[in-house]
Each structure stands twice: as C-alpha cells, then as structure tokens.
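Biologist: I should like to learn how to read a structural model. May we go through it together?

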Amino acid sequence: MNTFLSILIAAVFFCLIIIIHELGHFTVAKLCGIRVDEFAIGMGPAIFKKRKGKTLYTIRLLPIGGFCAMGEDEERETPDSFRQKPVWARMATIVAGAMMNLILGFILSAVLILVDGGAVSTKIVWFADDAVSPQYGLQLEDIIVKINGVRTFSVKDITYQLGNDEDGVVDFVVRRGGETVAVNGVKFAMETDEETGKNTLLYDFKVLKEKVTLANLFPYAFKNSVYYGRIVLMSLRDIIAGKYGLNDLQGPVGIVTVISDVSEQSGFDFSFILDIATLVTINIGIFNLLPLPALDGGRFIFLLVEAIRRKSLKAETEGMIHFVGFAALMLLMIFVTFNDVKNIFVK
C-alpha cells in the first residue's frame with residue numbers, strides 16, 4: 001500500500017509540473033491571440049477529448065508529459081496562426097513554459113520554508129564543544145559568503161559544498177562586522193564509510209534558523225531557487241565534461257521513481273517531497289531553455305535570429321531542423337526510459 005501511495009504521489013507531482021509548463025505556453029498563446037490546436041495532458045492514445053472553440057483538450061493514457069500544439073512549423077495564412085504573429089509574441093509564448101516551471105520552483109521553495117517553520121541563514125551561531133574550526137579562524141556571528149571559492153546563497157549551498165569536499169580542508173570567505181574576511185585551510189574531521197570507502201566531512205557548527213516573516217520569506221525562497229538552479233547547471237556541465245554518462249540520466253519514469261522513493265523512505269515527509277519536487281520543476285525549466293532544436297530554447301534562438309535579421313526561415317526548413325532534433329531527443333528518451341525501467345528491477 002505504501003509503495004502504491006508513493007508512486008501515486010510521485011505521478012501527481014510530476015503531472016502537475018508538466019501541466020504548469022504547458023499552461024504557461026497555453027496562457028501566453030491565448031493572450032497573444034495565437035491559435036492553440038490541442039492542449040494535451042499525458043502522452044500516447046487519447047482517453048478523453050473535448051473541443052472548445054478552436055482548441056481540442058485531451059487527456060492521454062501515459063501521465064509522463066504533455067504538449068501544447070500551436071502549429072509552430074506550419075505556414076498558415078490565418079491571422080491567428082503562430083507564424084503570423086509578431087516575433088515578440090512568439091518569443092513570449094515559447095519561453096512561457098520554462099518560466100512557469102521556474103516560478104513554480106520559487107513558490108515551492110517558499111512553501112517548503114513555511115512547512116519547515118523557519119528560514120535558515122548562513123550565519124554561524126553555534127560550535128560543538130570539541131569544534132576544531134574556531135582554531136582556524138571561524139567565529140560566532142560569521143556570515144558564510146563563499147566555500148572553496150563558490151558563492152553560498154543558502155544553507156543548502158553550505159551542506160552541498162561541505163558534503164562534497166574530499167580532503168577535509170576548506171577555504172571560507174565570511175562577512176564579519178561589515179568586513180569580508182578570508183579564513184583559509186580550515187581542517188575538519190573526516191568519517192570513512194566502511195562499505196563504500198567514501199570520506200565524509202564532519203562540520204562542527206550550526207547556522208541561524210530565523211522565524212519566517214513576510215520580509216525574509218521571499219528572499220530566502222529566491223536564494224533556495226538559485227541553489228537548485230545552480231545544481232542543475234553544474235550537473236549539465238559535468239555531463240558535457242564526461243563526469244556522468246548516459247546511464248546516469250533519468251527520464252520521466254526515473255523522475256517518478258525518485259519522487260516515489262523519497263516519499264516512501266522519508267515516511268511521506270512533506271518537506272522531503274517538496275524538496276525533490278522543487279528540484280525537478282527547476283530542472284525541467286532550465287532543460288527546456290537549452291538552445292537545442294525541438295526544445296523551447298532552440299525555438300527561441302531561431303526567433304532571436306529572426307528578430308535580428310527581420311526575416312524568418314522557411315517553415316519547412318525550420319520544421320526539418322526541429323524534427324531532426326526531436327527525433328534525436330526521442331531516441332535519447334527511449335534509451336533513458338529503458339534504463340529507468342531496468343533500474344526499477346535491477347538496482
């Protein structure tokens with residue numbers, strides 16, 4: 001029963017994230033007077049259809065995606081067709097989906113802070129009795145600005161940077177009494193996992209958890225969103241650099257599995273579920289903005305070129321480029337989905 005419930009929660013969250021994305025396209029298209037041929041939730045065969053005006057609304061069998069069909073690659077002479085609208089209207093419509101995901105990530109970050117009952121800062125307010133970091137220069141009331149040269153926006157940055165340090169020697173930049181101070185070479189104790197052999201840094205301080213107010217809620221939510229966005233960008237960089245291979249990628253099935261596992265392992269702790277859902281929606285938003293054919297970012301680049309040249313490519317040419325990109329994306333999705341399904345049964 002718990003497994004079924006966790007999968008249901010995961011599927012609902014993933015569907016909501018996709019619906020929000022497509023609603024972004026749909027809403028801006030309607031505001032700009034662009035005809036939407038179909039607004040679909042899910043993929044595969046349609047199990048529900050309803051036409052209202054010029055738009056067909058469908059619910060499809062597989063809850064792993066959705067789409068908003070606007071005839072982007074078709075030459076139509078009707079005034080409400082996509083390619084007949086001003087370039088700025090098409091730009092706004094194309095990026096609206098990803099922007100909605102990023103906005104949703106910000107909202108979920110704010111909700112997460114409210115659920116946790118506090119906004120956690122980067123100000124040190126406590127050291128353990130046997131703490132060694134004060135011996136190297138860290139002090140109470142220090143506000144951590146950088147760790148190993150990386151800017152820290154939230155406590156999640158601190159946890160991530162220290163959790164991924166390999167040698168236990170850390171360089172800090174802190175703000176102290178209105179001044180910026182470098183505290184280099186702070187040596188922390190390390191703990192070795194006997195099974196994996198991985199070393200984990202044991203940091204010996206805590207940071208301030210403030211009471212949530214209207215004044216600090218949204219700034220902290222923004223900082224948390226920046227953290228998630230940077231994690232996504234760092235992961236993309238590592239993929240390009242070859243640190244991660246294709247087998248490390250996850251598609252819709254893998255994402256639902258992760259949310260499901262987090263739900264079950266955390267005892268359906270709402271904070272944990274919100275945390276992973278926030279990461280997923282920001283991930284989807286940033287991924288869709290990549291300048292690759294068939295993605296929103298790729299279409300935006302074509303529109304940007306059109307705005308500069310004041311002349312669009314032929315619909316057939318642009319459509320073929322996006323078709324090739326879409327075909328490559330689908331091949332990748334098939335491979336990733338196969339791995340996702342395989343990993344469900346073979347850990």
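Modeller: The discussion below concerns one residue and then the cavities. This is a predicted model, in which local features need pLDDT of at least 70 and side-chain atom pairs count only at pLDDT 80 or more, while totals for chains, interfaces and linings use all residues. Residues are numbered from 1 along each chain as its sequence is written, and side-chain values use heavy atoms, with hydrogens and water left out.

Biologist: Is Thr55 buried or exposed?

Modeller: Buried means under 20% relative accessible area, exposed over 50%, and partly exposed in between (1.4 Å probe, protein chains only). Thr55 has a relative accessible area of 0% and is therefore buried.

Biologist: Which side chain makes a polar contact with the side chain of Thr55?

Modeller: A polar contact is a pair of N or O atoms within 3.5 Å; within protein, one must be able to donate a hydrogen and the other to accept it, and residues adjacent in sequence count only if both atoms are side-chain atoms. The partner is the side chain of Lys30, at 3.1 Å. The side chain of Thr55 also reaches the backbone oxygen of Val36, at 2.7 Å.

Biologist: What is the volume of the largest cavity?

Modeller: On a 1 Å grid over the protein atoms alone, a cavity is a set of points where a 1.4 Å probe fits but cannot get out; lining residues have an atom within 4 Å of a point. A volume is the space filled by probe spheres set on the points, which are joined across faces, edges and corners. The largest cavity has about 60 Å³, and its lining includes Glu72, Phe82 and Arg299.

Notes:
On a 1 Å grid over the protein atoms alone, a cavity is a set of points where a 1.4 Å probe fits but cannot get out, and a pocket is an open set with protein on both sides within 12 Å along at least five of seven lines; lining residues have an atom within 4 Å of a point.
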